[in-house]
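This report describes charged side-chain pairs and a nonpolar surface patch in one protein chain. Please view the structure below alongside the text.

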Amino acid sequence: MKDKYTTKKRDIVLAAVLLILGITGVLIVKYGLKSGNTADIYIDDKLVQTIDMSVDDEYTFQTDKGSNTVEVRNGAVSMKSADCPDKVCVRMGTKNRNGETITCLPHKLVIEVHGGQEQEVDIK
């Protein structure tokens, strides 16, 4: 009987250790690997700069069709100004979630956010 009890105890300890390791791994992947958001700036589909979104700053990008000023504040990126007529990109607001983008079509400038929280999908 003592042998059966030892086997059960060992199985319970092994299961607890694996559970703790699994939870630790999930927490590391979910929270530990995010060192902060970055924003990639593309002009004509070419990466021209990667911005650290943990540092508040402004960046101006000149294209052959005009200029755009990108602003980083409080971990979010936005288009502060653009010299195109419609300024849709300026009205797109701030972005801080993984995969979100801001696009200025006349200037062929795209800002793409990486890292941080996943985008929330609202399915209704």
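The salt bridges come first, followed by the nonpolar patch. The model is predicted.

Three salt bridges are counted. Side chains of opposite charge can pair when their charged atoms come close. The table gives the N to O distance for each pair.

| Pair | N to O distance |
|---|---|
| R73 and E58 | 4.0 Å |
| K80 and E58 | 2.5 Å |
| E71 and R73 | 3.3 Å |

The R73 and E58 pair links distant parts of the chain. R73 belongs to strand β4 (residues 66–73) and E58 to strand β3 (residues 57–63), with their positions 15 residues apart in the numbering. In the salt bridge of K80 with E58, K80 lies in strand β5 (residues 76–82) and E58 in strand β3, so this pair ties together parts that are 22 residues apart in sequence. Taken together, E58, E71, R73 and K80 are linked in a network of salt bridges.

How buried or exposed are the members of this network? R73 is partly exposed, at a relative accessible area of 34%, and E58 is partly exposed, with a value of 34%. K80 is partly exposed, with a relative accessible area of 43%. E71 has a relative accessible area of 18% and is therefore buried, since the cut-off for that class is under 20%.

The other feature is a nonpolar surface patch of about 470 Å², made by V13, L14, V17, L18 and L21. One of these residues, L14, is located in helix α1, which covers residues 2–32.

Key
Residues numbered from 1 in each chain as written. Predicted model: local features only at pLDDT ≥ 70, side-chain atom pairs only at ≥ 80, totals over all residues. Heavy atoms only, no water. Patch = residues over 30% accessible without salt bridge, like charges linked within 9 Å, V, L, I, M, F, W, Y side chains within 5 Å. Areas by Shrake-Rupley, 256 points an atom, 1.4 Å probe, with all protein chains shown as cover. Salt bridge = Lys/Arg side-chain N within 4 Å of Asp/Glu carboxyl O. Helix = DSSP H or I, 4+ residues; strand = E, 2+ residues; numbered from the N terminus. Buried < 20%, exposed > 50% of the residue type's maximum accessible area, 1.4 Å probe, protein only.
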